[in-house]
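Subject: Structure handover

Hello,

Here is the structure we discussed handing over. Please look it over before reading the notes under it.

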Amino acid sequence: MPWDHDHAARDDRIGVVIASRNRLGPLERTLERVLALPERPCVVLVDNASTDGTVAAVRDRFPSVEVIALARNEEGAARTRGVERLTTPYVAFCDDDSWWSPGALTRAADLLDDHPSLGLVAARILVGEEERVDPTSEHMSASPLRREPDLPGVPVLGFLACGAVVRRAAYLEAGGFESRLGVGGEEELLALDLAAAGWSLVYVDDVVAHHDPPPRPDQGPRARRLVRNQLWTVWMRRPPAAALRHTARLLLRAPADRARSRGVVDAIRGLPWALRNRRSLPPEVEARLRTLESGA
């Protein structure tokens, strides 16, 4: 018997938030896939002040999608607008070029139902038409952190936003994505803040997302943001010795790489802001970070 999507019961536990800017073509393909999921999730699009007609086109073609049209580009932090708008206990994130496998959202919601201390589920992300496993997913699956007997999957202290499901209350409690970080490594700070608040994060191999990113011939701007955000994150959350160690490592790499050098300069310009927002991690979270860094 064929699947009758129109009469399928909606899984009211989970909604989807997508943030986008001037990417109407990929966004339309993503919306088609997400709206065809058997979970029939509520979908909120947060548009980052697009100038390509995204808002009007989505409202016309996908009337079930709630569109939040921002007056300015809030980048990664725009996701929080969508989380605030949803009332579902769990929220899955998509980029405008990523989507979820059928059944993945139900699996993630079941895990969050069964484990009240679980704040975030990181998915296995398959990239491109070849569906190769994203290197970050491979790295998370091999996490050296000690497995907790009462939690599923593999404990982690990071994730990729295009393949993450969060407990809405945990996300809002942690403050969501920091607006100043933009897009590019913005997940690290949020992961640490979730852990510091007592929430667990796990990688689960059978929760599957897909990502089809465009070719990026010039990786310079992204590399620049990644270096800046790495430095800001360690300055804001790590103890002085760890912050100095990471800073020295990045400074040693920077002279040979123009983008990295610019990222270091950007970070130094924002140092007063970072220090004003400094909040040390609990000792147990810092110990888990050291375990990840040592690979033991």
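The notes below cover the nonpolar cores, one helix and one pocket.

This is a predicted model, in which local features need pLDDT of at least 70 and side-chain atom pairs count only at pLDDT 80 or more, while totals for chains, interfaces and linings use all residues. Residues are numbered from 1 along each chain as its sequence is written, and side-chain values use heavy atoms, with hydrogens and water left out.

The largest nonpolar core (buried Ala, Val, Leu, Ile, Met, Phe, Trp, Tyr and Cys residues joined through side-chain atoms within 4.5 Å; buried is under 20% relative accessible area, 1.4 Å probe, protein chains only) has 38 residues. Val58, Val65, Trp100, Val165 and Val207 have the most contacts inside it. Helix 4 (residues 104-114) gives the largest share of this core, 6 residues. Another core, of 37 residues, lies apart from it and includes Trp199 and Leu281. Beyond its neighbours within four places in sequence, Val207 is in contact (heavy atoms within 4.5 Å) with residues including Trp100, Ala104 and Leu111.

Helices and strands are DSSP runs (H or I, at least four residues; E, at least two), numbered from the N terminus. In helix 1 (residues 24-35), the buried residues include Leu27, Leu31 and Val34. Strand 1 (14-20) and helix 2 (54-61) are among the elements that cover the buried residues of helix 1.

Helix 12 (283-294) and strand 10 (200-211) each supply at least two residues of the lining of the second largest pocket (an open set of 1 Å grid points, over the protein atoms alone, where a 1.4 Å probe fits, with protein on both sides within 12 Å along at least five of seven lines; lining residues have an atom within 4 Å of a point). Helix 12 gives the largest share, 5 residues.

Regards

Technical notes: Buried < 20%, exposed > 50% of the residue type's maximum accessible area, 1.4 Å probe, protein only. Expected span 1.5 Å × (residues − 1).
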